[in-house]
Amino acid sequence: MSETATNGQISAPGGAGAALLVERRRQGLSLGDISRQLKLSVRQVEALERDDYSGFTGPVFVHGFIRNYAKLLNLDSGPLIRAADQVLNPPPPASEPVTAIASPPEVRRRKIGMVPAVSAGAAVLVVVAVAVSVGNRGDPKPPSEQPVVVAIEQVAQPREPVPAPKPAAAQPAARPAAGNAVPGEQGERATLRMVFDQESWVEIKDRNGNTIFGQLSPAGSRRSVSGEPPFEVVVGNAAGVRLTFKDETVDLSAHTLVDVARLTLE
């Protein structure tokens, strides 16, 4: 495999992952070296070099990790991110034209002539025919062996009205004893407000581990989320987001590694 690196640019066959892999090996760095400096697991670094982004939360995180990896190797991250987007958002396959097959005139006439006949509530007529065959067709059939046709008509019987059930007497609502907690009562709720100066991805989980917010928000937008703290918060492109929790500004820089901030708000 041949590769060149000049002015932070690298050309290598394959996508963004192949370029990162080639330059890492050229600089004599191991997977462990990249893992320690980017604070990623070895599996995550290997996934980036394979262009396998299925294990990452969203495109913003993939962009951030590739940007950090490229910065560590002194590469231009722009072409690598564009190559990764080709994997994240592949072009749709070309659809084949569908050829309509005309039905023969005779088949169309049969379809037009078919009219379903359904009569709700009509009587059911059951015809039972009993025929006893005779070995010699020339012999006359005795009366007992003549075909018997029985017509049975089912007539709907009127139903007696069912008396309506008597309403149950209202029971007094049970009140919880003083000092006892009401089952299912929610804890204290808090509000987290976000202002996006740049496009960023934010994921928030409440005290039960449920994701109450997780989306990519455009620059200039504002979001407000309420739930039960403590909140587990992950912010991509943290420099472009301002957080306010319980009416106090949160300093994301103290929790940011490269471009991603991870913190717990109680």
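How many of the 7 residues of strand β5 (residues 190–196) are buried? In this predicted model, the count is 5, so that β5 counts as mostly covered, with buried taken to mean under 20% relative accessible area. The points below begin with β5 and its pairing partners, and then turn to an open sheet and the helix that lies across several of its strands.

**Strand β5 and its partners**

- Strand β5 pairs with strand β8 (residues 222–227) in the antiparallel sense, and 6 bridges link the two.
- Within this pairing, Val195 has Arg222 in β8 as its bridge partner.
- Strand β5 is also joined to strand β10 (residues 241–245), again in an antiparallel arrangement, through 5 bridges.
- Along that pairing, Met194 is found opposite Leu243 in β10.

**The open sheet**

- An open sheet is built from 5 strands, which follow one another in the order β7-β6-β9-β13-β12 with antiparallel pairing.
- The edges of this sheet are formed by β7 (211–217) and β12 (256–257), each of which pairs on one side only.
- Further inside that order, strand β9 (residues 231–235) and strand β13 (residues 260–265) run antiparallel and are joined by 5 bridges.
- One of the residue pairs here matches Val234 with Arg262 in β13 as its bridge partner.

**The helix across the sheet**

- Helix α4 (residues 59–72) lies across four named strands, namely β6 (200–205), β7, β9 and β13.
- Relative to β13, helix α4 runs at about 125°.

Note on methods. Residues numbered from 1 in each chain as written. Predicted model: local features only at pLDDT ≥ 70, side-chain atom pairs only at ≥ 80, totals over all residues. Heavy atoms only, no water. Pairing = 2+ DSSP bridges. Contact = heavy atoms within 4.5 Å. Axes fitted to C-alpha atoms, helices over the stretch in contact; angles between N-to-C directions. Buried < 20%, exposed > 50% of the residue type's maximum accessible area, 1.4 Å probe, protein only.
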